[in-house]
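Visitor: Could you pick one part, walk me through it slowly, and then show me how it fits into the rest? I'm new to this, so please explain the words as you go.

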Amino acid sequence: MLQLLIQILMNGLMMGLVYIMMALGFTLIFGIMRIVNFAHGEFYMLGAMAVMLLFSTLGINYFAAVLLAAIIVAVIGMVIERLLLRQFVGRELNGMIMTLAIAITLKAGATIIFGPQEMSIPRPVSGVTNIAGILIPNDRMLVGAIAIAILVLFYFFLRYARAGLAMRAVAQDWEAAALQGIRPQRIYLLSFGIGCALAGLAGALMAPIYTVSPFIGEVPMLKAFIVVILGGLGSLPGAVVGGLLLGVVEAGVATFINTTVATMVSFALVVVILLFRPAGLMGQSR
Amino acid sequence: MTFIKFENLSVHYGPIKAVDNLNIEAEKGSVTCILGANGAGKSTTLRAFSGLVKPSSGRILLDGKDVTGLSSDQMVERGVSMSPEGRRLFPDMTVGDNLRLGAYLNGTRHSWKSDMERVFSYFPRLRERIGQNAGSMSGGEQQMCAIGRALMSNPQVLLLDEPSLGLAPIMIAEVARIVRTINAEGISVVIVEQNARLALQLSDYGYLLETGRTVLEGPAKELQHDEHVKTAYLGGTMAATS
């Protein structure tokens, strides 16, 4: 029984880490720009597409391909921010409609270029590791390890780096930040780039595990949305707590019942949180 | 010589004229106060100076150079730093991080560390509070942190918007002491206050604003004895606003 519980926790942790990567970028962009980025799943999809091109088509080393994919997605995100989103900073409703339009356009664009079919990517690692009876597929373990490294890096960046401090300052009070000499526009560009890079990384890491198609961003987007509702929109610690909670609850329900019920339960969780703690677990009510 | 000069400055918020044809001059190393009731345009004047709002007409000159319409970061670069109304600290960040952000534009670790030491010499209390979240401090400590943060950029001109608002009398005296210390080091100060008594005690020269226009100006010592100022701003109305 204990072994089963640990197995569930490990499965939940592996998925939770991917949810956290999606949710962190989503909540970071909202916290700083007040833009609900409905195109976040499409940046996940672009990351997967990029790794497919670089790794399986061009034959670049997998780790280099993942890194390049993240950079490519960040650049695409920054161009979109500069051209289409900048004017919607702070205007939540209009920004939301704009990101929806971007999401649909990116999905359609990817369908035109790559076709609607599902494609698969060779796995960079295979096999299963058995630690005292707990089974972890090696490819999942690799994703988990990279995700943890990225999250730690992201934490130290926000906590100590000059640009990280500036991002937190703009999120808390952009006008006071401007008075310190910070240019909010630069921070918007940087935050959107980082948020997109995190989504692109998640997509690039998950691409060999699932299949790749223009529509693979929809589920991760939904999960990120659930996670930030659970944790509190705009709260970074909330995204971590919410991501782990969602991962573990899903893994538990999927093990004892099935995955369809697991999805239902995750939405039931959102309803309960919204009813009794509308600002989320770690969110501050404004 | 004139260091700060506002020439026929007007600022609009949409159709509303918040500042109307304002002329202000201040010498280098002086303390200048802008007095007036709520909504007289005092804060707007400072917001225009610090680059948060763009004037609709008129000019702002700093040391003879036109700085009208520059952005906030450009004004910080030119040595104008503001401690805004309501302090506006980053509440979920530590005192240390708040101060470090005040030195956002002066590059190296070494330089902001020494600026922080200077701020601690003015406000020893902040050194004790360095790791504490700014939002958890008392109002007086937050005001010290806000002034300290504004000093971190090594300004030539310090703008103080309502520094005494909501503070206990002992903290108001502390703020007054700090303004004098800072000014003694050659930093020009422009102070906006509803507490006219305090502002006039600290200042060399004062301007009195009503609905965006200057209605009276003069050396602070003369304004202290002006009948209009006495009845309108040094009487009973002052206590109600603090």
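Guide: Two strands count as paired if DSSP finds at least two bridges between them. Strands (E, at least two residues) and helices (H or I, at least four) are DSSP runs, numbered from the N terminus. This is a predicted model: local features need a pLDDT of at least 70 and side-chain atom pairs 80 or more, while totals for chains, interfaces and linings use all residues. Residues count from 1 along each chain as its sequence is written, and chains are lettered from A and ligands numbered from 1 in the order written.

Let's start with a sheet in chain B. Strand E1 of chain B, residues 2–13, runs antiparallel to strand E4 of chain B, residues 57–62, and 5 bridges link the pair. To find the spot by eye, look for Ile4(B): across from it, in E4(B), sits Leu62(B). Now step back to the whole sheet. It is open, with 4 strands in the order E2-E1-E4-E5 (chain B) and antiparallel pairing. Strand E2 (16–27) and strand E5 (65–66) of chain B are the edges; each has a single partner strand, so one side of each has no neighbour in the sheet.

How does the sheet compare with the rest of its chain? Chain B has 11 helices and 10 strands in total. Its domain assignment, which comes from an automatic or database source, gives domain 1 (1–79 + 155–242) and domain 2 (88–154). Measuring between C-alpha centres, those two domains of chain B lie 23 Å apart. They also touch: 15 residues of domain 1 of chain B are in contact with 10 residues of domain 2 of chain B, where contact means C-beta atoms, placed from the backbone, within 7 Å. On the domain 1 side of that meeting place in chain B, the elements giving two or more residues are helix H2 (72–77) and helix H7 (169–184) of chain B. H7(B) gives the largest share of that side, 6 residues.

Now follow the chain to helix H3 of chain B, residues 95–102. Here 7 of the 8 residues are buried, so the helix is largely enclosed by the rest of the structure. Buried means that 20 or more other C-beta atoms lie within 10 Å of a residue's own, again placed from the backbone; 12 or fewer makes it exposed, and in between it is partly exposed. Among the buried residues of H3(B) are Val95(B), Leu99(B) and Leu101(B), as well as Asp97(B) and Arg100(B). What do the buried residues of H3(B) pack against? From chain B itself there are helix H4 (109–122), helix H5 (124–128) and helix H6 (139–151), and H6 of chain A joins them.

That takes us over to the partner chain. Where the two chains meet, 14 residues of chain A are in contact with 20 residues of chain B. On the chain A side, helix H6 (162–172) and helix H7 (174–179) of chain A are the elements that give two or more residues. H6(A) supplies the largest share of that side, 5 residues.

Chain A has 11 helices and 2 strands. Those strands, E1 (residues 128–131) and E2 (residues 134–137) of chain A, pair in the antiparallel sense over 4 bridges. Asn130(A) has Leu135(A) in E2(A) as its bridge partner. E1(A) and E2(A) make a hairpin with 2 residues between them, and Ala132(A) in the turn has a positive phi of about 50 degrees.

Let's finish with the overall picture. In chain B, 46% of the 242 residues count as buried, and in chain A buried residues make up 49% of the 286. Along its principal axes, the C-alpha trace of chain B spans about 45 × 40 × 35 Å. For chain A, the box is roughly 55 × 50 × 35 Å.

And the predictor's confidence? The complex gets an ipTM of 0.92 and a pTM of 0.91. Chain B averages a pLDDT (confidence in each residue, from 0 to 100) of 92, with 96% of its residues scoring at least 70. Over residues 236–242 of chain B, though, the pLDDT is below 50, and that stretch has 10 contacts in the model beyond near neighbours in sequence.

Conventions:
pLDDT = per-residue confidence, 0-100.
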